[in-house]
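Visitor: Please walk me through this one. Where do I begin?
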Amino acid sequence: MLGKGGKRKFDEHEDGLEGKVVSPTDGPSKVSYTLQRQTIFNISLMKLYNHRPLTEPSLQKTVLINNMLRRIQEELKQEGSLRPMFVGASQPADPLSDNFREAQPAFSHLASPPLLPADLVSTMPLESCLTPASLLEDDTFCTSPAVQHDGPTKPPPSALQPVKDSFSSALDEIEELCPAPTSAEAVAAEPAADDSKAQPSESNIHKAEGLPESRTAESKLMDPLPGNFEITASTGFLTDLTLDDILFADIDTSMYDFDPCTSATGAASKMAPVSADELLKTLAPYSSQPVTPNQPFKMDLTELDHIMEVLVGS
Amino acid sequence: ADIISTVEFNHSGELLATGDKGGRVVIFQQEQENKTQSHSRGEYNVYSTFQSHEPEFDYLKSLEIEEKINKIRWLPQKNAAQFLLSTNDKTIKLWKISERDKRPEGYNLKEEDGRYRDPTTVTTLRVPVFRPMDLMVEASPRRIFANAHTYHINSISINSDYETYLSADDLRINLFHLEITDRSFNIVDIKPANMEELTEVITAAEFHPNSCSTFVYSSSKGTIRLCDMRASALCDRHSKLFEEPEDPSNRSFFSEIISSISDVKFSHSGRYMMTRDYLSVKIWDLNMENRPVETYQVHEYLRSKLCSLYENDCIFDKFECCWNGSDRQVEFLSPIVMTGSYNNFFRMFDRNTKRDITLEASRENNKPRTVLKPRKVCASGKRKKDEISVDSLDFNKKILHTAWHPKENIIAVATTNNLYIFQDKMN
């Protein structure tokens, strides 16, 4: 990043990676263009998703970042290589959209963005995904940070191979994941998919589940990895609607407005059983057991106590 | 909270107002010129300080509303008091700043400290008289224009009729009457029916200095639209559209973002307008829509750093620009425009000679009353002595707000926390 600190030599032969037009059809610079585009895509997604301000984020900034993402997605669409795979994953989102439009769609779409490709990117070599923007400016495709300071004028040929391989292996991963979702992802998709059939009053609660679940899962996945780019990148690939709905839809406050005394179960007098019900519903995704709201909960009281203990931290 | 967020001279130049992130307004007043010290103009000293806006909480969205003052605009002076409009993201306030230097003394029923006198002790009557007192400057809010904007207000501009003003947020522009606080007219609305289709926002707006039915607004896509309120009540269709075609050799991922206009200012004559985008200042002739008549590069050396600047958000910095007073005074002032940059640098462009200069606003490098030394940024190649290389620029030290005295060559330059006032060397 720029700022005070060690002064670097400014390479006169630099291609001007950012300043000049790098057409996608040029040979070796095609990869640089793709890499740059990927980096910018990652940065953009991170800006949108990681921002948790106390005040409303600037609409201008959001719109500009969103336009950037759209443009990149359009380009990728035109290039055609990645799109077809994700049609299946994005379809479940569509029937939901109408339902959600009436009842605060924002967070439900957060739930559906698949944590699917969570695994996808661990196969990509970190260097190619995590290219800090400053490396791009030096016009180096270093596979190791140590090379950075030498500032080679041409990308080392070895760099091309890993990038291409990682892309194709990443795509393979996605292919594997798509037809047979694993438990966590399946349950993430299920409550979201169930909503289209569920009662409108229940759908609020399901969406609320989706929210904490996706948030915790997201943070779980994000923490161990040094760069958050990978997960957010895949999110963008999968659903167009997701981005826009999150950005511009109303915020779903049903979770914050939840008052145990006025829950759908109607048992206003007793606090304990009501909260246990809610507890069960929020825990359902973790336990991988499909839970429909109308079934009385079958959990043991001892199990429930145990869970309460964990939550209360006593 | 001490971060300066706006700077504005009043119409005579005697007063200089600054707004900050903490919602405060500080007004400086120029000292009367000392006849004996003819070589320097009066200094600016603090005249009044008041809290204009307080932080608020939007309960519906669970978000805070910042008290940061986005803009201050002075009204022309009509009587002894001064009036200004100040705005944060949501609410505009009209403030009256008045002086009190006399107070009545000699009441019959009250003591000087306010206690009531025992009526039985009153034996004679007297007429209260005004006696001088220490100058007191009072600021009081006269009008509060609230709840008219869903999105964040970025501009206010007082009409040349001095009765109305416009306020612009990201998607709408409203017309207010200074006397009426509970109603406003919506004159521009670019909100799409489906918010997912939103790709462009309003970034700045200003009334024409002479024509009270004409105003312009700029967008995040680098266009400026001139609208005439006589054409229709809702000015969604522009009368003129100013846009420069993109230079294909400069195309990059960031072309759109750097084309976003952060400020638009009419010249005092109203014939020209100036726009500021991320890398340049452009002067437009209102009669020519397809390209500007002049373009000045502020910090072209940043063009190769756009990716980093995108990453650290600096690419979204909103720099303002300003004209000097040359339009009004036909004689001795050459037309100069000024804008800020990074590393506490600010730039001036002489429109006649086409010369430009870079100066620095910092205490370390400039002692008071010394002439500012021109600075130079070295973009590439060998760095000469006294030049600064691009990589050692401090991007946290940005000058976003500058103002030029309407009549004299006195400028106010705001760094993050400090206000600098410079004047040109006399004799």
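Guide: Begin with the exposed surface of this predicted model. Chain A exposes about 16,100 Å², and carbon and sulfur atoms supply 58% of that area.

Visitor: What does chain B expose?

Guide: Chain B exposes about 20,700 Å². Carbon and sulfur supply 48% there.

Visitor: How many helices and strands are in chain A?

Guide: Chain A has 14 helices and zero strands. Read from the N terminus, its elements are α throughout.

Visitor: And which elements make up chain B?

Guide: Chain B has two helices and 31 strands.

Visitor: How do I read burial?

Guide: Take the buried share of each chain. In chain A, 44% of the 314 residues are buried. In chain B, 54% of the 427 residues are buried.

Visitor: What about sequence separation in the contacts?

Guide: Count the contacts with a separation of 6 or more, then ask what share joins residues 24 or more positions apart. For chain A that share is 77%. For chain B it is 51%.

Visitor: What pLDDT does chain A average?

Guide: Chain A averages 52. A pLDDT of at least 70 is reached by 21% of its residues.

Visitor: Where in chain A does pLDDT stay under 50?

Guide: One such stretch is residues 10-26 of chain A. The model gives these residues 39 contacts beyond four places in sequence. Residues 179-242 of chain A are also below 50. That stretch has 110 contacts beyond near neighbours in sequence.

Visitor: How should I treat such contacts?

Guide: With caution. Where pLDDT is low, predicted coordinates should not be read in detail.

Definitions and conventions
Residues numbered from 1 in each chain as written. Chains lettered and ligands numbered in written order. Predicted model: local features only at pLDDT ≥ 70, side-chain atom pairs only at ≥ 80, totals over all residues. Heavy atoms only, no water. Helix = DSSP H or I, 4+ residues; strand = E, 2+ residues; numbered from the N terminus. Buried < 20%, exposed > 50% of the residue type's maximum accessible area, 1.4 Å probe, protein only. Contact = heavy atoms within 4.5 Å. Areas by Shrake-Rupley, 256 points an atom, 1.4 Å probe, with all protein chains shown as cover. pLDDT = per-residue confidence, 0-100.
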